[in-house]
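Here are my notes for you on this one. Keep the picture open while you read, and find each residue as it comes up.

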Amino acid sequence: MRKLTAMLTVGALALSVGACGKKNGSGSSDKELVYTSSWGADEPQGKLIKSIADDFTAATGTKVDLKFVGRKGTDTLPTEMNAGQGPDLFDTSTDSVGAFVAQNLAEPLDDVLDMEVPGEGKKVRDVLPDSVQKASTDKGHVRFMAHTVISTAVWYDAAKHAGLAPRTWKEFIAYLDEAKKDGRTPLGQDGTVNFYNAYWFYSALVRSEGAGSLSALGKDPAAWDKSAVLAAAEKVEQLADGGYFQKDFMATKYPAAQDAWAQGKYDLNLNGTWLAAETGSKLANGTEVASFQLPAGGKNSVEVGTLGWGVNAKGHNVETAKEFLAFALQKKYEEKISGTAHNIPARPDVPAPGYLAGVQKDVAEAKYTHRTYDDMAADKNWWNNVFLPLDDQLLSGKIDAAAFVKTGKKKAADYLASKD
């Protein structure tokens, strides 16, 4: 799960799901769907997709030509889609769909919201909350149908620290200080994963200021002058200077830190909703995984990202593909997202696994929400080559908050000028 999401986030998979190489519609154009999936056939999601495809064929007579290409596809999907050789359906996410939209390859799916979910007497819009629809929207239209919600939280062992939920930054730091005083390592960090390091500044800023506050930094140098940007950077500086992370954390290679967290060596880990499932085999006996939102004040915005299905705007079976989406959102399939894939279902009427119940509740009750990395990662050059290296300097303690802001403003101005 982390691997899929992370690759989507940094753009490595955004346009790299290899198509099947077969011209769409080479069979019966109205009785076959071509679906290229970035999941592996043996993954829980892959098995679920196969069962949905088989059930769809049985219910409608429409054959689904399903290809599992995994995360090692090539960068040929947009080219093949533009040439009429791509699939009707493909897997995508909040972070990657924009690349397809930019090339007019992601079919608007607003009309799917008014389709009925088979056998339930409800429309798709009735089972997908506004936050999920918003996270799946780009340029004013719903661009994919979500089956999974992803988010970010601070993870801990409730068996050792029952009810841990600091409500303010001051309370959070007080907990870290107490843990350190007791001889524990408060925070575990896989510091060689730069987009994990970015969770700290991103969460501190966007949780407080809401959607658009992080992405603005790559679009307008003046955005760096806002006091909230310096305040968020000062929080990260405080963490860097406080000795709260494990020794040599910036050199720690994934998954060493998260595995050590799972074994109880570190108290907390700021990570995605896939963490517990990913570390499941490493969890110490008796561990009760739980989470809380990083306390940042302000709007207390909650991250809502989604994974789901996109429809090729240039496919040969667009309308049938839309029918597949309404079919796939039946409750019985969403229950497998929770029970088998161990993730948060896009449908809030399906309970998440116990260790994700807190995040599911946070999402459901949030007054303000934002998308993964506040959409900053959509500009891959800025994200990968400018922002992430600068953020690493801040978290590592090589620069302080003031230098981070000053340098960021200049780099933003230089970057935007280079694009003119």
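The points below go through one strand, some salt bridges and the empty spaces.

1. A word on the ground rules. This is a predicted model, where local features need pLDDT of at least 70 and side-chain atom pairs count only at pLDDT 80 or more, while totals for chains, interfaces and linings use all residues. Residues are numbered from 1 along each chain as its sequence is written, and side-chain values use heavy atoms, with hydrogens and water left out.

2. Let's begin with strand β3, which covers residues 89-93. Helices (H or I, at least four residues) and strands (E, at least two) are DSSP runs, numbered from the N terminus. How many residues of β3 are buried? Five of its five are, so the strand is mostly covered. "Buried" here means under 20% relative accessible area, "exposed" means over 50%, and "partly exposed" is in between (1.4 Å probe, protein chains only). Look at the two faces as well: Leu89, Asp91 and Ser93 sit on one side, Phe90 and Thr92 sit on the other, and all are buried.

3. What are the neighbours of β3? Two strands pair if DSSP finds at least two bridges between them. Strand β1 (residues 32-37) is joined to β3 by two bridges, and these strands run parallel. In this pairing, Tyr35 stands opposite Leu89. Strand β14 (residues 305-311) is joined to β3 by five bridges, and here the strands run antiparallel. Opposite Trp309 in β14 you will find Asp91.

4. Now zoom in on Asp91. It has a relative accessibility of 8%, so it counts as buried. What does the side chain of Asp91 make a polar contact with? Its partner is the side chain of Ser37, at 2.6 Å. A polar contact is a pair of N or O atoms within 3.5 Å; within protein, one must be able to donate a hydrogen and the other to accept it, and residues adjacent in sequence count only if both atoms are side-chain atoms. A polar atom of the Asp91 side chain also lies 2.9 Å from the backbone nitrogen of Ser38. Leaving out residues up to four places away in sequence, Asp91 touches several others, including Thr36, Trp39, Ile49 and Gly308. Contact means heavy atoms within 4.5 Å.

5. On to charges: the structure holds 17 salt bridges. A salt bridge is a side-chain nitrogen of Lys or Arg within 4 Å of a carboxyl oxygen of Asp or Glu. Try Arg347 and Glu120, whose closest N and O atoms are 2.9 Å apart. Why does this pair tie together parts that are 227 residues apart in sequence? Because Arg347 lies in the loop between β15 (344-345) and α14 (357-365), and Glu120 lies in the loop between β4 (116-117) and β5 (122-123). Arg347 is buried at 0% relative accessible area, whereas Glu120 is partly exposed at 25%.

6. Two other salt bridges are worth finding. Lys67 and Asp65 meet through their side chains at 3.7 Å, N to O. Lys67 is partly exposed at 35% relative accessibility, but Asp65 is buried at 9%. Asp375 and Arg371 form another, with the closest N and O atoms 3.1 Å apart. Asp375 is partly exposed at 31%, and Arg371 is buried at 15%. Elsewhere, Glu107, Asp111, Glu319 and Lys322 are joined into one network by salt bridges that share partners.

7. Last, the empty spaces. Rolling a probe the size of a water molecule over the atoms shows where empty space is left. On a 1 Å grid over the protein atoms alone, a cavity is a set of points where a 1.4 Å probe fits but cannot get out, and a pocket is an open set with protein on both sides within 12 Å along at least five of seven lines; lining residues have an atom within 4 Å of a point. Grid points are joined across faces, edges and corners, and a volume is the space filled by probe spheres set on the points.

8. The largest pocket has a volume of about 390 Å³. Its lining has 19 residues, and Arg167, Arg207, Phe292, Gln293 and Asp362 lie nearest its centre. Helix α14 gives the largest share of that lining, four residues.

9. Five cavities of 30 Å³ or more turn up in a search of the whole structure. The largest cavity has a volume of about 70 Å³, and its lining includes Thr152, Tyr202, Arg207 and His370.
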